[in-house]
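Colleague: Could you take me through one part of this model closely, namely how its helices pack against one another? I'd like the cysteines too, if you can fit them in.

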Amino acid sequence: MTRLLLIGLLFLRITAHAQAVVLNNAAREIPIKSLPELTIAGVSLHFGHHQEFDSIARNYWGVSSFNGDTVRDAAGFNALHDKLKFFNTIFLECSAGTPFGADWLAFVKDLEQHARVFIVLSGEGANLKHFDSLASPIVWYPTDNENEASLAAQTLFGGTAIANKLPQTFSPKYAKGAGSMIKKTRLGYATPEAVGVDSKDLVRIDSIVKAGIAAHAAPAVVILLAKDGEVIYSKAFGKHKYWGDAPTRLDDIFDMASCTKVTATTPSIMHLYETHQINLDSPIANYVTALRNIPNKKDLRVREALLHEAGFTPYIKFYESLKPTDLSTDSSSAYPTKVADNYYLRANYFNDTQWPVTLASPVLTRGKFVYSDLSMYMMKEVFENVSHQRLNEYVLQNLYLPLGMQSTGYLPRNRFPKERIVPTTENDNWFRNMPVQGYVNDPGAAMAGGVEGHAGLFASANDLAIYYQMLLNGGSYGGRKYFDSTTVRYFTARQSKVTYRGLGFDRTNLDRRETNDHRSDQAFGHSGYTGTFVWVDPKYKIVYICLTNRVYPDDNKTFGVSKVNVRPLTLNAFYDAVVKAAK
(Lines give C-alpha, C1' and ligand atoms only; values in the text may rest on other atoms or scores of the structure.)
Protein backbone atom coordinates (compact mmCIF):
# COMPACT_ATOMS: atom_id res chain seq x y z
CA MET A 1 0.00 0.00 0.00
CA THR A 2 1.50 3.31 -1.04
CA ARG A 3 2.06 6.29 1.24
CA LEU A 4 -0.27 8.34 -0.95
CA LEU A 5 -3.06 5.78 -0.60
CA LEU A 6 -2.66 5.68 3.18
CA ILE A 7 -2.93 9.47 3.34
CA GLY A 8 -6.00 9.20 1.16
CA LEU A 9 -7.62 6.67 3.50
CA LEU A 10 -6.91 8.89 6.47
CA PHE A 11 -8.44 11.84 4.61
CA LEU A 12 -11.52 9.75 3.83
CA ARG A 13 -11.92 8.88 7.51
CA ILE A 14 -11.64 12.52 8.55
CA THR A 15 -14.07 13.53 5.80
CA ALA A 16 -16.52 10.85 6.87
CA HIS A 17 -16.41 12.14 10.44
CA ALA A 18 -17.12 15.60 9.10
CA GLN A 19 -20.14 14.46 7.08
CA ALA A 20 -21.89 11.57 8.85
CA VAL A 21 -24.98 12.61 10.80
CA VAL A 22 -27.08 10.62 13.28
CA LEU A 23 -30.80 11.40 13.14
CA ASN A 24 -33.98 10.25 14.90
CA ASN A 25 -31.97 9.33 17.96
CA ALA A 26 -34.02 10.96 20.71
CA ALA A 27 -34.38 7.57 22.42
CA ARG A 28 -30.58 7.18 22.31
CA GLU A 29 -30.69 3.82 20.61
CA ILE A 30 -27.38 4.71 18.95
CA PRO A 31 -24.88 3.61 20.06
CA ILE A 32 -26.36 0.17 20.58
CA LYS A 33 -25.81 -0.87 24.16
CA SER A 34 -26.94 -4.34 25.24
CA LEU A 35 -25.77 -7.00 22.79
CA PRO A 36 -26.50 -10.56 24.02
CA GLU A 37 -30.22 -10.53 23.27
CA LEU A 38 -29.79 -9.13 19.76
CA THR A 39 -30.26 -11.15 16.58
CA ILE A 40 -29.22 -8.82 13.78
CA ALA A 41 -29.96 -8.93 10.06
CA GLY A 42 -28.18 -6.63 7.64
CA VAL A 43 -30.49 -5.98 4.70
CA SER A 44 -28.84 -4.40 1.67
CA LEU A 45 -31.13 -2.47 -0.66
CA HIS A 46 -28.79 -1.31 -3.45
CA PHE A 47 -26.20 -0.39 -0.85
CA GLY A 48 -22.89 -0.49 -2.69
CA HIS A 49 -20.61 -1.27 0.24
CA HIS A 50 -22.74 -3.70 2.22
CA GLN A 51 -19.87 -6.20 2.50
CA GLU A 52 -17.61 -3.63 4.16
CA PHE A 53 -20.44 -2.46 6.42
CA ASP A 54 -21.46 -5.95 7.53
CA SER A 55 -17.84 -7.04 8.00
CA ILE A 56 -17.09 -4.19 10.41
CA ALA A 57 -20.44 -4.63 12.19
CA ARG A 58 -19.56 -8.28 12.85
CA ASN A 59 -16.60 -7.14 14.94
CA TYR A 60 -19.20 -5.97 17.46
CA TRP A 61 -21.93 -8.60 17.15
CA GLY A 62 -23.18 -11.23 14.75
CA VAL A 63 -24.87 -9.94 11.59
CA SER A 64 -26.60 -12.13 9.00
CA SER A 65 -26.57 -10.58 5.52
CA PHE A 66 -29.58 -10.36 3.20
CA ASN A 67 -29.53 -8.99 -0.34
CA GLY A 68 -32.69 -7.12 -1.23
CA ASP A 69 -31.48 -5.68 -4.53
CA THR A 70 -33.97 -7.69 -6.60
CA VAL A 71 -36.99 -6.61 -4.54
CA ARG A 72 -39.22 -4.23 -6.50
CA ASP A 73 -42.84 -4.64 -5.36
CA ALA A 74 -45.05 -5.45 -2.38
CA ALA A 75 -44.82 -9.20 -2.96
CA GLY A 76 -41.04 -9.04 -2.93
CA PHE A 77 -40.97 -6.96 0.24
CA ASN A 78 -43.43 -9.33 1.92
CA ALA A 79 -41.25 -12.31 1.05
CA LEU A 80 -38.19 -10.49 2.38
CA HIS A 81 -40.06 -9.62 5.56
CA ASP A 82 -40.81 -13.29 6.20
CA LYS A 83 -37.13 -14.18 5.80
CA LEU A 84 -36.38 -11.84 8.70
CA LYS A 85 -38.70 -13.56 11.17
CA PHE A 86 -35.89 -14.79 13.43
CA PHE A 87 -34.26 -11.36 13.79
CA ASN A 88 -35.21 -8.78 16.39
CA THR A 89 -32.86 -6.10 15.03
CA ILE A 90 -32.65 -4.97 11.40
CA PHE A 91 -29.98 -2.84 9.76
CA LEU A 92 -31.57 -1.39 6.59
CA GLU A 93 -28.68 -0.40 4.32
CA CYS A 94 -29.96 2.09 1.74
CA SER A 95 -28.62 4.38 -0.97
CA ALA A 96 -29.85 6.56 -3.80
CA GLY A 97 -30.55 3.35 -5.73
CA THR A 98 -33.00 2.00 -3.15
CA PRO A 99 -36.53 1.76 -4.60
CA PHE A 100 -38.13 4.27 -2.24
CA GLY A 101 -41.87 4.18 -2.70
CA ALA A 102 -45.14 3.11 -1.11
CA ASP A 103 -44.19 -0.60 -1.01
CA TRP A 104 -40.81 0.13 0.52
CA LEU A 105 -42.35 2.47 3.10
CA ALA A 106 -44.98 -0.10 4.08
CA PHE A 107 -42.22 -2.70 4.44
CA VAL A 108 -40.16 -0.51 6.79
CA LYS A 109 -43.17 0.57 8.87
CA ASP A 110 -44.17 -3.08 9.26
CA LEU A 111 -40.65 -3.98 10.38
CA GLU A 112 -40.77 -1.18 12.95
CA GLN A 113 -43.78 -2.87 14.57
CA HIS A 114 -41.92 -6.14 15.10
CA ALA A 115 -38.23 -5.33 15.45
CA ARG A 116 -35.69 -2.61 16.20
CA VAL A 117 -34.77 -0.97 12.92
CA PHE A 118 -31.64 1.07 12.24
CA ILE A 119 -31.31 2.79 8.88
CA VAL A 120 -28.02 3.51 7.15
CA LEU A 121 -28.35 5.89 4.18
CA SER A 122 -25.62 6.96 1.79
CA GLY A 123 -25.93 9.53 -0.97
CA GLU A 124 -27.86 12.72 -1.52
CA GLY A 125 -29.51 14.17 1.57
CA ALA A 126 -32.62 14.81 -0.51
CA ASN A 127 -33.46 11.13 -0.01
CA LEU A 128 -34.09 11.81 3.66
CA LYS A 129 -37.56 13.02 2.68
CA HIS A 130 -38.55 9.36 2.27
CA PHE A 131 -37.97 8.83 6.00
CA ASP A 132 -40.16 11.64 7.37
CA SER A 133 -42.84 9.25 8.63
CA LEU A 134 -40.41 6.71 10.12
CA ALA A 135 -39.33 6.49 13.75
CA SER A 136 -36.14 4.47 13.30
CA PRO A 137 -32.74 6.07 14.00
CA ILE A 138 -30.69 6.92 10.94
CA VAL A 139 -26.99 7.20 10.11
CA TRP A 140 -26.67 9.32 6.96
CA TYR A 141 -23.58 10.31 5.01
CA PRO A 142 -23.46 11.90 1.54
CA THR A 143 -20.46 10.25 -0.13
CA ASP A 144 -20.72 6.54 -0.87
CA ASN A 145 -17.41 4.74 -0.28
CA GLU A 146 -16.21 1.79 1.76
CA ASN A 147 -14.52 3.91 4.41
CA GLU A 148 -17.75 5.73 5.23
CA ALA A 149 -19.66 2.43 5.23
CA SER A 150 -17.15 1.17 7.80
CA LEU A 151 -17.60 4.30 9.90
CA ALA A 152 -21.39 3.97 9.72
CA ALA A 153 -21.13 0.49 11.22
CA GLN A 154 -18.78 1.79 13.91
CA THR A 155 -21.17 4.64 14.66
CA LEU A 156 -24.04 2.25 15.34
CA PHE A 157 -21.99 0.42 17.97
CA GLY A 158 -20.13 3.38 19.45
CA GLY A 159 -16.82 2.60 17.78
CA THR A 160 -16.45 6.23 16.77
CA ALA A 161 -17.70 9.59 18.00
CA ILE A 162 -20.02 11.73 15.87
CA ALA A 163 -21.21 15.27 16.56
CA ASN A 164 -22.29 16.50 13.13
CA LYS A 165 -25.45 18.36 12.11
CA LEU A 166 -27.34 18.50 8.83
CA PRO A 167 -25.76 21.21 6.68
CA GLN A 168 -29.11 22.21 5.17
CA THR A 169 -32.81 21.42 5.29
CA PHE A 170 -33.80 18.34 3.28
CA SER A 171 -37.39 17.83 4.43
CA PRO A 172 -39.89 19.07 7.03
CA LYS A 173 -38.50 16.59 9.55
CA TYR A 174 -34.81 16.75 8.64
CA ALA A 175 -34.00 20.43 8.91
CA LYS A 176 -30.68 22.22 9.00
CA GLY A 177 -28.94 21.70 12.33
CA ALA A 178 -30.57 18.35 13.13
CA GLY A 179 -28.27 15.63 14.44
CA SER A 180 -27.31 13.78 17.63
CA MET A 181 -23.96 13.57 19.37
CA ILE A 182 -22.61 10.03 19.66
CA LYS A 183 -19.89 9.14 22.15
CA LYS A 184 -17.18 6.59 21.47
CA THR A 185 -17.79 3.63 23.79
CA ARG A 186 -16.19 0.69 21.99
CA LEU A 187 -13.13 -0.13 19.90
CA GLY A 188 -12.90 1.52 16.51
CA TYR A 189 -11.09 0.38 13.36
CA ALA A 190 -8.76 2.81 11.66
CA THR A 191 -5.49 3.26 9.79
CA PRO A 192 -2.33 3.61 11.91
CA GLU A 193 -2.05 7.20 10.71
CA ALA A 194 -5.35 8.01 12.41
CA VAL A 195 -3.56 7.66 15.77
CA GLY A 196 -0.27 9.12 14.60
CA VAL A 197 1.56 5.87 13.79
CA ASP A 198 3.28 5.43 10.43
CA SER A 199 2.07 2.31 8.63
CA LYS A 200 5.55 1.76 7.23
CA ASP A 201 6.84 1.22 10.76
CA LEU A 202 4.47 -1.71 11.22
CA VAL A 203 5.61 -3.54 8.08
CA ARG A 204 8.41 -5.00 10.18
CA ILE A 205 5.80 -7.05 12.04
CA ASP A 206 4.83 -8.79 8.80
CA SER A 207 8.45 -9.69 8.17
CA ILE A 208 8.96 -11.08 11.68
CA VAL A 209 5.87 -13.27 11.48
CA LYS A 210 6.70 -14.62 8.03
CA ALA A 211 10.23 -15.41 9.17
CA GLY A 212 8.81 -17.12 12.23
CA ILE A 213 6.52 -19.33 10.19
CA ALA A 214 9.42 -20.25 7.89
CA ALA A 215 11.50 -21.13 10.99
CA HIS A 216 8.67 -23.29 12.37
CA ALA A 217 7.85 -20.96 15.24
CA ALA A 218 4.17 -21.70 14.48
CA PRO A 219 2.12 -22.49 11.38
CA ALA A 220 -0.71 -20.07 12.29
CA VAL A 221 -0.35 -16.53 13.61
CA VAL A 222 -2.80 -13.68 14.21
CA ILE A 223 -1.55 -10.28 15.38
CA LEU A 224 -3.84 -7.43 16.48
CA LEU A 225 -2.67 -4.02 17.62
CA ALA A 226 -4.82 -1.27 19.10
CA LYS A 227 -3.89 2.24 20.16
CA ASP A 228 -6.06 5.00 21.60
CA GLY A 229 -9.09 2.74 21.30
CA GLU A 230 -8.55 2.06 17.58
CA VAL A 231 -7.56 -1.26 16.05
CA ILE A 232 -4.82 -0.17 13.65
CA TYR A 233 -3.37 -3.54 12.66
CA SER A 234 -5.12 -6.89 12.40
CA LYS A 235 -3.59 -9.61 10.24
CA ALA A 236 -3.68 -13.39 9.94
CA PHE A 237 -0.68 -15.33 8.66
CA GLY A 238 0.08 -18.86 7.58
CA LYS A 239 -2.10 -21.94 7.77
CA HIS A 240 -3.53 -24.05 10.58
CA LYS A 241 -0.99 -26.77 9.78
CA TYR A 242 2.42 -26.60 8.11
CA TRP A 243 1.30 -29.15 5.53
CA GLY A 244 -2.38 -28.20 5.44
CA ASP A 245 -4.48 -25.99 3.20
CA ALA A 246 -6.70 -24.19 5.75
CA PRO A 247 -5.55 -20.55 5.78
CA THR A 248 -5.45 -18.70 9.07
CA ARG A 249 -8.35 -16.27 9.46
CA LEU A 250 -8.75 -13.21 11.66
CA ASP A 251 -11.68 -14.76 13.49
CA ASP A 252 -9.97 -18.10 14.15
CA ILE A 253 -10.23 -19.41 17.70
CA PHE A 254 -7.05 -20.31 19.59
CA ASP A 255 -6.31 -22.26 22.77
CA MET A 256 -5.34 -19.51 25.21
CA ALA A 257 -3.49 -21.79 27.66
CA SER A 258 -2.26 -19.73 30.64
CA CYS A 259 -3.82 -16.54 29.31
CA THR A 260 -6.90 -18.19 30.83
CA LYS A 261 -5.53 -17.11 34.20
CA VAL A 262 -6.01 -13.39 33.48
CA THR A 263 -8.89 -13.57 31.00
CA ALA A 264 -11.21 -15.84 32.99
CA THR A 265 -10.07 -16.70 36.51
CA THR A 266 -8.56 -13.41 37.67
CA PRO A 267 -11.54 -11.24 36.58
CA SER A 268 -13.82 -13.69 38.40
CA ILE A 269 -11.78 -13.18 41.57
CA MET A 270 -11.84 -9.42 40.90
CA HIS A 271 -15.62 -9.60 40.93
CA LEU A 272 -15.66 -11.38 44.30
CA TYR A 273 -13.17 -8.86 45.70
CA GLU A 274 -15.08 -5.86 44.41
CA THR A 275 -18.40 -7.14 45.77
CA HIS A 276 -16.79 -7.87 49.16
CA GLN A 277 -17.43 -11.60 48.94
CA ILE A 278 -13.80 -12.49 49.62
CA ASN A 279 -10.83 -10.99 51.43
CA LEU A 280 -7.56 -11.36 49.57
CA ASP A 281 -5.67 -11.67 52.84
CA SER A 282 -7.89 -14.43 54.17
CA PRO A 283 -6.83 -18.10 53.99
CA ILE A 284 -7.97 -19.94 50.89
CA ALA A 285 -9.35 -22.48 53.39
CA ASN A 286 -12.03 -19.94 54.35
CA TYR A 287 -13.57 -20.60 50.94
CA VAL A 288 -12.29 -24.08 50.03
CA THR A 289 -13.02 -26.12 53.12
CA ALA A 290 -11.04 -29.18 52.00
CA LEU A 291 -7.87 -27.23 52.86
CA ARG A 292 -8.82 -26.68 56.52
CA ASN A 293 -7.47 -30.04 57.69
CA ILE A 294 -4.32 -29.96 55.57
CA PRO A 295 -1.48 -28.54 57.69
CA ASN A 296 0.65 -27.25 54.80
CA LYS A 297 -2.27 -25.48 53.09
CA LYS A 298 -4.74 -24.32 55.72
CA ASP A 299 -3.03 -20.94 56.20
CA LEU A 300 -2.18 -20.11 52.57
CA ARG A 301 -3.73 -16.79 51.50
CA VAL A 302 -5.67 -15.87 48.39
CA ARG A 303 -3.24 -13.05 47.70
CA GLU A 304 -0.28 -15.45 47.84
CA ALA A 305 -1.89 -17.71 45.26
CA LEU A 306 -2.58 -14.82 42.87
CA LEU A 307 1.07 -13.75 43.19
CA HIS A 308 2.37 -17.33 42.81
CA GLU A 309 4.03 -17.03 46.21
CA ALA A 310 1.94 -19.58 48.13
CA GLY A 311 4.45 -22.35 47.48
CA PHE A 312 2.11 -24.59 45.52
CA THR A 313 3.69 -27.28 43.37
CA PRO A 314 4.16 -25.74 39.90
CA TYR A 315 2.62 -28.54 37.88
CA ILE A 316 1.40 -32.09 38.42
CA LYS A 317 1.58 -34.66 35.63
CA PHE A 318 -1.82 -36.14 36.36
CA TYR A 319 -1.77 -38.11 33.11
CA GLU A 320 1.09 -40.29 34.35
CA SER A 321 -1.31 -41.96 36.77
CA LEU A 322 -3.89 -42.86 34.14
CA LYS A 323 -4.79 -46.53 33.78
CA PRO A 324 -6.18 -48.18 30.64
CA THR A 325 -9.53 -48.55 32.40
CA ASP A 326 -9.71 -44.78 32.96
CA LEU A 327 -10.20 -44.08 29.25
CA SER A 328 -12.59 -45.29 26.59
CA THR A 329 -13.24 -44.69 22.90
CA ASP A 330 -16.98 -44.81 23.55
CA SER A 331 -19.07 -42.26 25.37
CA SER A 332 -21.30 -43.50 28.16
CA SER A 333 -22.46 -42.58 31.63
CA ALA A 334 -19.36 -44.34 32.90
CA TYR A 335 -17.11 -42.36 30.52
CA PRO A 336 -18.72 -38.91 30.03
CA THR A 337 -15.71 -36.56 29.97
CA LYS A 338 -14.58 -35.91 26.40
CA VAL A 339 -10.85 -35.21 26.18
CA ALA A 340 -10.48 -35.52 22.38
CA ASP A 341 -12.39 -36.81 19.39
CA ASN A 342 -13.73 -40.28 20.24
CA TYR A 343 -11.84 -40.37 23.52
CA TYR A 344 -13.46 -40.19 26.97
CA LEU A 345 -12.37 -40.15 30.60
CA ARG A 346 -14.22 -42.05 33.29
CA ALA A 347 -16.80 -40.30 35.44
CA ASN A 348 -15.71 -38.36 38.53
CA TYR A 349 -12.02 -38.71 37.72
CA PHE A 350 -11.30 -35.17 38.90
CA ASN A 351 -13.01 -35.59 42.26
CA ASP A 352 -11.74 -39.12 42.84
CA THR A 353 -8.15 -38.70 41.68
CA GLN A 354 -6.99 -35.27 40.49
CA TRP A 355 -8.30 -33.18 43.37
CA PRO A 356 -7.01 -35.51 46.12
CA VAL A 357 -3.57 -35.53 44.46
CA THR A 358 -3.69 -31.72 44.30
CA LEU A 359 -4.59 -31.46 47.97
CA ALA A 360 -1.77 -33.83 48.93
CA SER A 361 0.90 -32.01 46.92
CA PRO A 362 3.84 -30.47 48.83
CA VAL A 363 4.24 -26.80 49.70
CA LEU A 364 7.95 -26.00 49.57
CA THR A 365 8.55 -22.40 48.49
CA ARG A 366 6.07 -20.19 50.32
CA GLY A 367 7.11 -16.55 50.18
CA LYS A 368 9.10 -17.02 46.98
CA PHE A 369 7.90 -16.60 43.42
CA VAL A 370 7.38 -20.04 41.86
CA TYR A 371 4.92 -19.95 38.99
CA SER A 372 2.25 -22.55 39.67
CA ASP A 373 -0.77 -23.78 37.76
CA LEU A 374 -2.11 -25.16 41.04
CA SER A 375 -2.61 -21.60 42.27
CA MET A 376 -5.31 -21.15 39.65
CA TYR A 377 -6.83 -24.57 40.29
CA MET A 378 -7.35 -23.17 43.78
CA MET A 379 -8.74 -19.84 42.53
CA LYS A 380 -11.33 -21.63 40.43
CA GLU A 381 -12.45 -23.52 43.50
CA VAL A 382 -12.59 -20.28 45.48
CA PHE A 383 -14.76 -18.62 42.87
CA GLU A 384 -17.17 -21.52 42.46
CA ASN A 385 -17.54 -22.13 46.20
CA VAL A 386 -18.26 -18.48 46.94
CA SER A 387 -20.38 -17.59 43.90
CA HIS A 388 -22.18 -20.94 43.55
CA GLN A 389 -21.63 -20.63 39.80
CA ARG A 390 -19.49 -22.58 37.37
CA LEU A 391 -16.52 -20.53 36.25
CA ASN A 392 -17.14 -21.12 32.53
CA GLU A 393 -20.81 -20.15 32.78
CA TYR A 394 -20.11 -17.02 34.82
CA VAL A 395 -17.50 -15.53 32.50
CA LEU A 396 -19.55 -16.31 29.40
CA GLN A 397 -22.80 -14.81 30.63
CA ASN A 398 -21.49 -11.93 32.75
CA LEU A 399 -18.37 -10.87 30.90
CA TYR A 400 -17.78 -12.19 27.39
CA LEU A 401 -21.21 -11.98 25.77
CA PRO A 402 -22.13 -8.59 27.29
CA LEU A 403 -18.79 -7.21 26.06
CA GLY A 404 -19.48 -8.51 22.56
CA MET A 405 -16.89 -11.30 22.72
CA GLN A 406 -18.64 -13.70 20.39
CA SER A 407 -16.03 -16.45 20.11
CA THR A 408 -14.53 -16.62 23.60
CA GLY A 409 -15.25 -19.29 26.17
CA TYR A 410 -14.50 -22.75 27.40
CA LEU A 411 -15.43 -25.97 25.55
CA PRO A 412 -15.49 -24.37 22.09
CA ARG A 413 -16.49 -27.54 20.26
CA ASN A 414 -19.87 -27.24 21.95
CA ARG A 415 -20.44 -23.88 20.22
CA PHE A 416 -18.34 -23.68 17.05
CA PRO A 417 -17.40 -25.87 14.08
CA LYS A 418 -14.10 -27.66 14.39
CA GLU A 419 -12.72 -25.83 11.35
CA ARG A 420 -12.82 -22.46 13.13
CA ILE A 421 -10.55 -23.69 15.91
CA VAL A 422 -6.81 -23.78 15.30
CA PRO A 423 -5.28 -27.19 16.14
CA THR A 424 -2.64 -27.29 18.87
CA THR A 425 -1.06 -30.69 18.24
CA GLU A 426 -0.96 -33.29 15.51
CA ASN A 427 -0.04 -35.91 18.06
CA ASP A 428 -0.51 -35.24 21.76
CA ASN A 429 2.13 -37.52 23.19
CA TRP A 430 1.15 -37.00 26.83
CA PHE A 431 -1.89 -39.23 27.01
CA ARG A 432 -4.18 -38.77 24.00
CA ASN A 433 -1.77 -39.82 21.22
CA MET A 434 -3.91 -38.17 18.56
CA PRO A 435 -4.56 -34.72 17.03
CA VAL A 436 -6.01 -32.15 19.41
CA GLN A 437 -8.27 -29.49 17.91
CA GLY A 438 -10.84 -27.68 19.98
CA TYR A 439 -10.01 -29.52 23.19
CA VAL A 440 -7.71 -27.86 25.70
CA ASN A 441 -4.07 -28.73 25.09
CA ASP A 442 -3.14 -28.78 28.79
CA PRO A 443 -3.61 -32.38 29.97
CA GLY A 444 -4.64 -31.47 33.52
CA ALA A 445 -7.34 -29.11 32.28
CA ALA A 446 -8.52 -31.68 29.73
CA MET A 447 -8.81 -34.36 32.41
CA ALA A 448 -10.73 -31.90 34.60
CA GLY A 449 -13.39 -31.65 31.89
CA GLY A 450 -11.92 -28.78 29.86
CA VAL A 451 -12.69 -26.07 32.41
CA GLU A 452 -9.96 -25.02 34.80
CA GLY A 453 -8.54 -21.88 36.33
CA HIS A 454 -5.13 -22.15 34.69
CA ALA A 455 -6.15 -23.28 31.18
CA GLY A 456 -9.12 -24.19 29.03
CA LEU A 457 -10.18 -20.85 27.58
CA PHE A 458 -10.36 -20.36 23.79
CA ALA A 459 -10.64 -16.97 22.09
CA SER A 460 -10.19 -14.93 18.92
CA ALA A 461 -7.98 -11.86 18.57
CA ASN A 462 -10.74 -9.28 18.21
CA ASP A 463 -12.53 -10.66 21.27
CA LEU A 464 -9.38 -10.37 23.34
CA ALA A 465 -8.84 -6.81 22.14
CA ILE A 466 -12.31 -5.97 23.45
CA TYR A 467 -11.64 -7.48 26.88
CA TYR A 468 -8.24 -5.87 27.31
CA GLN A 469 -9.49 -2.52 26.02
CA MET A 470 -12.10 -2.73 28.76
CA LEU A 471 -9.31 -3.13 31.32
CA LEU A 472 -7.35 -0.31 29.68
CA ASN A 473 -10.48 1.84 29.98
CA GLY A 474 -10.51 1.17 33.72
CA GLY A 475 -13.28 -1.44 33.67
CA SER A 476 -15.82 0.20 31.35
CA TYR A 477 -16.78 -0.66 27.78
CA GLY A 478 -19.76 -0.19 25.50
CA GLY A 479 -21.47 2.14 27.95
CA ARG A 480 -21.36 -0.44 30.76
CA LYS A 481 -19.19 -0.65 33.85
CA TYR A 482 -17.76 -4.12 34.46
CA PHE A 483 -15.26 -3.23 37.19
CA ASP A 484 -14.49 -0.18 39.23
CA SER A 485 -11.37 1.55 37.96
CA THR A 486 -9.75 1.23 41.38
CA THR A 487 -10.16 -2.56 41.20
CA VAL A 488 -8.50 -2.72 37.79
CA ARG A 489 -5.62 -0.54 38.91
CA TYR A 490 -5.17 -2.56 42.11
CA PHE A 491 -4.98 -5.96 40.41
CA THR A 492 -2.77 -4.77 37.54
CA ALA A 493 -0.36 -2.75 39.71
CA ARG A 494 2.70 -4.21 41.39
CA GLN A 495 1.56 -6.10 44.49
CA SER A 496 4.63 -8.14 45.36
CA LYS A 497 7.84 -7.40 47.24
CA VAL A 498 9.73 -10.19 45.50
CA THR A 499 8.59 -9.68 41.89
CA TYR A 500 6.98 -6.97 39.78
CA ARG A 501 3.80 -9.01 39.32
CA GLY A 502 0.25 -7.87 39.92
CA LEU A 503 -2.57 -10.01 41.28
CA GLY A 504 -2.85 -12.68 38.61
CA PHE A 505 -1.28 -10.44 35.99
CA ASP A 506 2.29 -10.51 34.77
CA ARG A 507 3.96 -7.12 34.51
CA THR A 508 7.13 -5.53 33.20
CA ASN A 509 10.20 -6.80 35.00
CA LEU A 510 12.11 -3.57 35.35
CA ASP A 511 15.25 -5.44 36.41
CA ARG A 512 15.46 -7.32 33.12
CA ARG A 513 14.65 -4.62 30.60
CA GLU A 514 17.11 -4.11 27.76
CA THR A 515 18.15 -0.68 26.54
CA ASN A 516 15.52 -0.49 23.80
CA ASP A 517 12.73 -2.10 25.84
CA HIS A 518 9.93 0.50 25.92
CA ARG A 519 7.52 -1.40 28.18
CA SER A 520 6.41 0.90 30.98
CA ASP A 521 6.03 0.14 34.66
CA GLN A 522 2.25 0.37 34.16
CA ALA A 523 2.07 -2.45 31.59
CA PHE A 524 0.43 -5.80 32.30
CA GLY A 525 -0.56 -8.98 30.52
CA HIS A 526 0.23 -12.68 30.29
CA SER A 527 1.55 -15.37 27.98
CA GLY A 528 0.25 -18.85 27.25
CA TYR A 529 2.14 -22.10 26.65
CA THR A 530 0.41 -22.75 23.32
CA GLY A 531 1.89 -19.54 21.89
CA THR A 532 -0.51 -16.82 22.99
CA PHE A 533 0.36 -13.43 24.43
CA VAL A 534 -1.74 -10.47 25.59
CA TRP A 535 -0.27 -7.13 26.68
CA VAL A 536 -1.65 -3.75 27.73
CA ASP A 537 0.33 -0.59 28.37
CA PRO A 538 -1.67 2.30 29.83
CA LYS A 539 1.24 4.71 29.32
CA TYR A 540 0.97 4.36 25.54
CA LYS A 541 -2.74 3.37 25.51
CA ILE A 542 -1.98 0.21 23.57
CA VAL A 543 -3.36 -3.31 23.43
CA TYR A 544 -1.31 -6.10 21.84
CA ILE A 545 -2.70 -9.53 20.99
CA CYS A 546 -0.59 -12.34 19.55
CA LEU A 547 -2.18 -15.73 18.91
CA THR A 548 -0.17 -18.68 17.61
CA ASN A 549 -0.19 -22.47 17.82
CA ARG A 550 3.54 -22.73 18.47
CA VAL A 551 3.25 -26.22 20.02
CA TYR A 552 2.08 -27.65 16.69
CA PRO A 553 2.72 -30.36 15.58
CA ASP A 554 4.22 -32.05 18.66
CA ASP A 555 5.64 -29.47 21.07
CA ASN A 556 8.95 -28.89 19.25
CA LYS A 557 9.85 -32.56 18.89
CA THR A 558 9.80 -32.51 15.08
CA PHE A 559 11.32 -29.10 14.37
CA GLY A 560 13.02 -28.17 17.64
CA VAL A 561 12.79 -24.77 19.28
CA SER A 562 12.43 -22.02 16.69
CA LYS A 563 15.14 -19.38 16.45
CA VAL A 564 12.48 -16.73 15.79
CA ASN A 565 10.48 -15.80 18.88
CA VAL A 566 7.47 -14.14 17.28
CA ARG A 567 5.79 -12.86 20.42
CA PRO A 568 8.43 -10.56 21.95
CA LEU A 569 9.79 -9.51 18.57
CA THR A 570 6.44 -8.32 17.26
CA LEU A 571 5.61 -6.61 20.56
CA ASN A 572 8.93 -4.75 20.43
CA ALA A 573 8.25 -3.69 16.83
CA PHE A 574 4.88 -2.30 17.90
CA TYR A 575 6.45 -0.38 20.75
CA ASP A 576 9.14 1.01 18.44
CA ALA A 577 6.49 2.34 16.05
CA VAL A 578 4.43 3.90 18.85
CA VAL A 579 7.40 5.47 20.62
CA LYS A 580 8.72 6.85 17.33
CA ALA A 581 5.31 8.43 16.66
CA ALA A 582 5.34 10.07 20.09
CA LYS A 583 8.64 11.86 19.49
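Modeller: Here is a walk through the helix pairs, followed by the cysteines.

A bit of housekeeping: this is a predicted model, where local features need pLDDT of at least 70, side-chain atom pairs count only at pLDDT 80 or more, and totals for chains, interfaces and linings use all residues. Residues are numbered from 1 along each chain as its sequence is written, and side-chain values use heavy atoms, with hydrogens and water left out.

Helices here are DSSP runs (H or I, at least four residues), numbered from the N terminus. Their axes are lines fitted to C-alpha atoms over the stretch in contact, with angles from 0 to 180 degrees between N-to-C directions.

Let's start with α3 (residues 74–83) and α4 (residues 102–114), whose axes come within 9 Å and cross at roughly 20 degrees. The two are therefore roughly parallel (angles under 35 degrees; over 145 is roughly antiparallel, 65 to 115 roughly perpendicular and the rest oblique). The crossing of α3 and α4 is right-handed, that is, the near helix is turned clockwise from the far one by less than a right angle. From α3, Ala 74, Phe 77, Leu 80 and His 81 meet a set in α4 that includes Trp 104, Phe 107 and Leu 111 (contact means heavy atoms within 4.5 Å). That contact has six nonpolar, two polar and two charged residues; Ala, Val, Leu, Ile, Met, Phe, Trp, Tyr, Cys and Pro count as nonpolar, Asp, Glu, Lys and Arg as charged, and the others, Gly among them, as polar.

Next, α2 (residues 50–57) packs on α5 (residues 146–157) at about 35 degrees, with the axes 8 Å apart. This crossing is right-handed too. Glu 52, Phe 53, Ile 56 and Ala 57 are the α2 residues, and their partners in α5 include Ala 149, Ala 153 and Phe 157. The α2 and α5 contact divides into eight nonpolar, two polar and two charged residues.

Then there's α6 (residues 203–214) with α15 (residues 566–582): their axes come within 9 Å and cross at roughly 175 degrees. That makes α6 roughly antiparallel to α15. Among the residues that meet are Ile 205, Ile 208 and Val 209 in α6, and Leu 569, Ala 573 and Phe 574 in α15.

As for cysteines, a search of the whole structure finds zero disulfides (pairs of cysteine sulfur atoms within 2.5 Å). For Cys 259, the nearest cysteine sulfur is that of Cys 546, 9.6 Å away. Cys 259 counts as buried because its relative accessibility is 0%, and Cys 94 is buried at 0% as well (buried is under 20% relative accessible area, exposed over 50%, partly exposed in between, with a 1.4 Å probe and protein chains only).
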